[in-house]
Amino acid sequence: MNRIPPSKRMEQAFFQSIFEGKNLLSGMVQAGAQLMLQRALEEEVTVFLGRGHYKRGKRLQGGYRNGYEPAAISSGEGKIQVELPQTRETEFSFRSVILDLWQRRSENLEKLIPALYVKGLSQRDIERALQENLGVDKVSRSVVSKLSKKIYADFDQWRKRDLSGYKILYLFLDAHYLALRQGTDKKEGILVAWGVTEEGKKVLLHIDRGERESYDCWKTFVEDLKLRGLNEPLLVIVDGNSGLKKMLRECFPYSWIQRCQVHKMRNILSKLPKDIHTKMKRLIHSAFYAKDYQEGLRIAKDIIARFRDDFPSAMECFEESLEDVLCVLKFPPTHRKSIRSTNLLERLLGESKRRTKVIPRFPTEKSCLSLVYAVLVDASKHWFGLRMTPKIMEDLVALRASCRKQKIPAAEPVQPKDLELVKV
């Protein structure tokens, strides 16, 4: 039997099963595919050696057949078992082109299926896409589920990676809410951080769960970033969350804070009559987009003084944390558009919300975080960086020194009695 090629044995078993009526149609299709693949593999090694099975004569190269090793190829009808020819004492090792091509196709499918899942396609959508575009007749739900779980492994590795290689200038922090668990409508916070490096590159840094946007949740989140090597940024861009601001004073005491101008504008307008929204928005923008910080502060204070009596709640909201709202005006003009708000993160989180709408309830917390990670990483591939020049870097270095100087506590004055102690 060892002298008979596997294809001959498969052929005999194939026709015998037909005559005896043992195989259903699907079994016959799989057996036929197995026979054709085996014949192709044996023909490959024949061409490689330049002679047939147990044949002598002119050789393309030295060496011999050396039995077979079992191999499996994925197909629409399931796994097809074949026997891959082996060689010995050849100048070059034998490698099946057929198996390589099939394996490459299988690997591409394994990459494609999670990508389709991340893009928001359902199981049925994925099956239809594979049938119409790749001629894959059947993909089981378990296959899609299994391949999509690769996202989990990628996420676990990503969330634990070392961050010391990133020199972050601008750090953005924001959150949104999703129902993470089955059996409840309660939504929980997903905290997200991304930054801009000294090279001007935008990079997604971290994603984690936070029951709510509290001081404790944000502090745990940021401390994790610091433990993995994140440096203290020059500027942190956040919304108006009070717990977040308190945390930043402790975790990044020598960083400037920029309050998101989009959030601030939204809060101010919510306290005004609708018929004045357009006018007030234009006036506030004149402060937000001023030439520099001092001019912006002067314009803002004029607006507050002018409308304080008519709209006290709105003007009180405008005045609250005004220095942080206008902090962006201290930075290079070419960067201001990108650092005045958390808009980029808002758009990304909107994309993850769109994707997660097709899943009314996640089976586990990890499955939700993994999908949000995959969606945001996919979207972040299309980010454009910020322009960096020697002059811009020089200005940023001066800003960092200025921030440290302002936030270092002044030394207490020396008392006369202390001087007397020193003399003694």
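Here is a friendly exchange about the predicted model shown above.

Reader: Let's start with the overall make-up: how many helices and strands are there in the protein?
Author: Happy to begin there. Of the 424 residues in the protein, buried residues make up 44%. As for secondary structure, the count is 18 helices and seven strands.

Reader: Among contacts between residues at least 6 apart in sequence, what share joins residues at least 24 apart?
Author: That is a good way to look at the fold. Taking the contacts in the protein between residues at least 6 apart in sequence, the share that joins residues at least 24 apart is 65%.

Reader: Which helix gives the most to the largest nonpolar core?
Author: The largest nonpolar core has 59 residues, and those with the most contacts inside it are Y170, I207, M280, F318 and F331. Seven residues of this core come from a single helix, residues 293-307, and no helix gives more: that is helix 11.

Reader: How many residues are in the other core, the one that lies apart?
Author: In general, nonpolar side chains tend to be buried together in soluble globular proteins. Here the largest such core has 59 residues. Apart from it lies another core, with L163, L173, C251 and F252 among its members, and its size is 24 residues.

Reader: Is I207 buried or exposed?
Author: I207 has its place in strand 5, which covers residues 202-210. Its relative accessibility is 0%, and the cut-off for buried is under 20%. I207 therefore counts as buried.

Reader: What separation do the C-alpha atoms of I207 and Y373 have?
Author: Leaving aside neighbours within four places in sequence, I207 is in contact with F155, W158, R159, I190, L191, V192, F221, L369, V372, Y373 and L376. Y373, one of these partners, is 166 residues away from I207 along the chain. Even so, the C-alpha atoms of I207 and Y373 are separated by 6.9 Å.

Reader: Why do helix 11 and helix 12 count as roughly antiparallel?
Author: The axes of helix 11 and helix 12 (residues 312-319) come within 9 Å. Angles over 145 degrees count as roughly antiparallel. The two helices are therefore roughly antiparallel, since their axes cross at roughly 160°.

Reader: How many charged residues are in the contact of helix 11 with helix 12?
Author: On the helix 11 side, the contact has A300, I303, I304 and F307, and these meet P312, M315, F318 and E319 in helix 12. Divided by class, the residues are seven nonpolar, no polar and, for charged, one.

Reader: Which hand does the crossing of helix 9 and helix 10 have?
Author: The axes of helix 9 (residues 261-269) and helix 10 (residues 277-288) come within 11 Å and cross at roughly 145°. In this contact, Q261, K264, M265, I268 and L269 of helix 9 meet H277, K281, I284, H285 and F288 of helix 10. By class, these are five nonpolar, three polar and two charged residues. The crossing of helix 9 and helix 10 is right-handed.

Reader: How many charged residues does the contact of helix 7 with helix 8 have?
Author: The axes of helix 7 (residues 215-227) and helix 8 (residues 242-251) come within 8 Å and cross at roughly 35°. Helix 7 brings Y215, W218, K219, V222, E223 and K226, while helix 8 brings G243, L244, K246, M247, E250 and C251. The classes in the contact of helix 7 with helix 8 are six nonpolar, one polar and, for charged, five.

Reader: Is T220 buried or exposed?
Author: T220 is also found in helix 7. Exposed means over 50% relative accessible area. With 57% relative accessibility, T220 therefore counts as exposed.

Reader: What is phi of S321 near?
Author: S321 is found in the loop between helix 12 and helix 13. The residue is buried, with a relative accessible area of 14%. Its phi is positive although the residue is not glycine, with a value near 55°.

Reader: Which residues does D324 touch, not counting those up to four places away in sequence?
Author: D324 lies in helix 13. At a relative accessible area of 17%, D324 is buried. Not counting residues up to four places away in sequence, D324 touches K245, I257, Q258 and R259.

Terms used. Residues are numbered from 1 along each chain as its sequence is written. This is a predicted model: local features need pLDDT of at least 70, side-chain atom pairs count only at pLDDT 80 or more; totals for chains, interfaces and linings use all residues. Side-chain values use heavy atoms; hydrogens and water are left out. A nonpolar core is a set of buried Ala, Val, Leu, Ile, Met, Phe, Trp, Tyr and Cys residues joined through side-chain atoms within 4.5 Å. Buried means under 20% relative accessible area, exposed over 50%, partly exposed in between (1.4 Å probe, protein chains only). Helices (H or I, at least four residues) and strands (E, at least two) are DSSP runs, numbered from the N terminus. Axes are lines fitted to C-alpha atoms, for helices over the stretch in contact, and angles run from 0 to 180 degrees between N-to-C directions. Angles under 35 degrees count as roughly parallel, over 145 as roughly antiparallel, 65 to 115 as roughly perpendicular and the rest as oblique. Contact means heavy atoms within 4.5 Å. Ala, Val, Leu, Ile, Met, Phe, Trp, Tyr, Cys and Pro count as nonpolar, Asp, Glu, Lys and Arg as charged, and the others, Gly among them, as polar. A crossing is left-handed if the near helix is turned anticlockwise from the far one by less than a right angle, and right-handed if clockwise.
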